[in-house]
Amino acid sequence: QVQLVESGGGLVQPGGSLRLSCAVSGSMFSVYARGWYRQAPGKQRELVAKITGGVPTNYADSVKGRFTISRDAAKNTLFLQMNSLKPEDTAVYYCNVQGRITSISPRNDYWGQGTQVTVSS
């Protein structure tokens with residue numbers, strides 16, 4: 001069973017920084033992408049940053065130059081370094097892995113429980 005557990009959220013002032021972590025446990029036959037999404041109150045969940053094939057491939061325009069996605073393969077942990085935070089970055093942040101459990105299982109999305117990030121003075 002694949003489990004994703006996020007940590008590192010909290011309350012931070014505008015201009016501050018936070019580092020989110022996502023510990024992934026359980027085995028998968030193949031992984032296509034790993035990423036971070038966020039959902040603000042009253043809004044749809046949106047992609048923040050994604051790694052495909054071990055290389056960061058997508059960043060939302062709103063976070064380019066401020067957020068950095070990375071991965072520690074040995075610890076099977078995904079990170080999101082968030083700098084120069086703005087009030088509009090306030091949201092619940094979710095870790096995501098897209099992959100297959102076995103060679104014949106369908107491709108699925110796996111999600112963590114989410115971690116709250118609040119940017120406010």
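Two residues are said to be in contact when heavy atoms of the one lie within 4.5 Å of heavy atoms of the other. With that idea in hand, the predicted model can be read from a single residue outwards. Leaving aside its neighbours within four places in sequence, F67 is in contact with R38, V48, Y59, L80, Q81, M82, N83, L85, D89 and Y93. Several of these names return below, as the strands and the core are described.

The overall make-up of the protein chain comes next. Its secondary structure amounts to eleven strands and zero helices, so that a walk along the sequence gives the pattern β-β-β-β-β-β-β-β-β-β-β. The radius of gyration is 14 Å, close to the 14 Å that the globule rule gives for 121 residues, and the protein chain is therefore as compact as a globular protein of that length. Along the principal axes, the C-alpha atoms fill a box of roughly 50 × 25 × 25 Å. Of the 121 residues, 40% count as buried. The exposed surface of the protein chain comes to about 6500 Å², and carbon and sulfur atoms supply 49% of it. Sequence distance is also informative: among contacts between residues at least 6 apart in sequence, 56% join residues at least 24 apart.

How are the strands arranged? Strands of a sheet pair through backbone hydrogen bonds, either parallel or antiparallel. One open sheet in the model has four strands in the order β1-β3-β8-β7, with antiparallel pairing. The edges of this sheet are taken by β1 (3–7) and β7 (67–72); each has a single partner strand, so one side of each is left without a neighbour in the sheet. On average, neighbouring strands here are turned by 15 degrees against each other, direction ignored. Within the sheet, β3 (residues 18–25) and β8 (residues 77–82) are joined in the antiparallel sense over six bridges. R19 stands opposite Q81 in β8, and Q81 is also one of the residues in contact with F67.

A second group of strands can be followed from hairpin to hairpin. Strand β4 (residues 30–39) pairs with β5 (residues 46–52) in the antiparallel sense, over six bridges. Their hairpin has six residues between the strands, and G42 in this hairpin takes a positive phi near 80 degrees. Strand β5 in turn pairs with β6 (residues 55–59), again antiparallel, over four bridges. In the hairpin of β5 and β6, two residues lie between the strands, and G53 takes a positive phi near 65 degrees. A49 links the two pairings nicely: A49 is the bridge partner of W36, and Y59 in β6 is the bridge partner of A49.

Strand β11 (residues 115–119) takes part in pairings of both senses. Three bridges join β11 to β2 (residues 10–12), and these two strands run parallel. Another pairing, antiparallel and also of three bridges, joins β11 to β9 (residues 91–100). Single bridges can be picked out in each case: V12 has V119 as its partner in β11, while V92 has Q116. Which residues of β11 form its covered face, and which its uncovered one? The covered face consists of T115, V117 and V119, whereas Q116 and T118 make up the uncovered face.

What lies at the centre of the nonpolar contacts? The largest nonpolar core has 27 residues, of which L4, W36, V48, F67, L80, M82 and Y93 touch the most other members. The elements that give two or more residues to this core are β3, β5, β7, β8, β9 and β11. The contacts of F67 can now be seen in this setting, since V48, L80, M82 and Y93 are among them.The loops offer a contrast between two residues. R66 lies in the loop between β6 and β7, and P106 is found in the loop between β9 and β10 (108–111). Is each of them buried or exposed? R66 has a relative accessible area of 10%, and because this is under 20%, R66 counts as buried. For P106 the relative accessible area is 53%, and because this is over 50%, P106 counts as exposed. Not counting residues up to four places away in sequence, R66 touches Q81, M82, N83, S84, L85, K86 and D89. With neighbours within four places left aside, P106 is in contact with G99 and R100.

Notes. Residues numbered from 1 in each chain as written. Predicted model: local features only at pLDDT ≥ 70, side-chain atom pairs only at ≥ 80, totals over all residues. Heavy atoms only, no water. Pairing = 2+ DSSP bridges. Axes fitted to C-alpha atoms, helices over the stretch in contact; angles between N-to-C directions. Buried < 20%, exposed > 50% of the residue type's maximum accessible area, 1.4 Å probe, protein only. Rg over C-alpha atoms; globule rule 2.2 N^0.38 Å. Areas by Shrake-Rupley, 256 points an atom, 1.4 Å probe, with all protein chains shown as cover. Core = buried A, V, L, I, M, F, W, Y, C linked by side-chain atoms within 4.5 Å.
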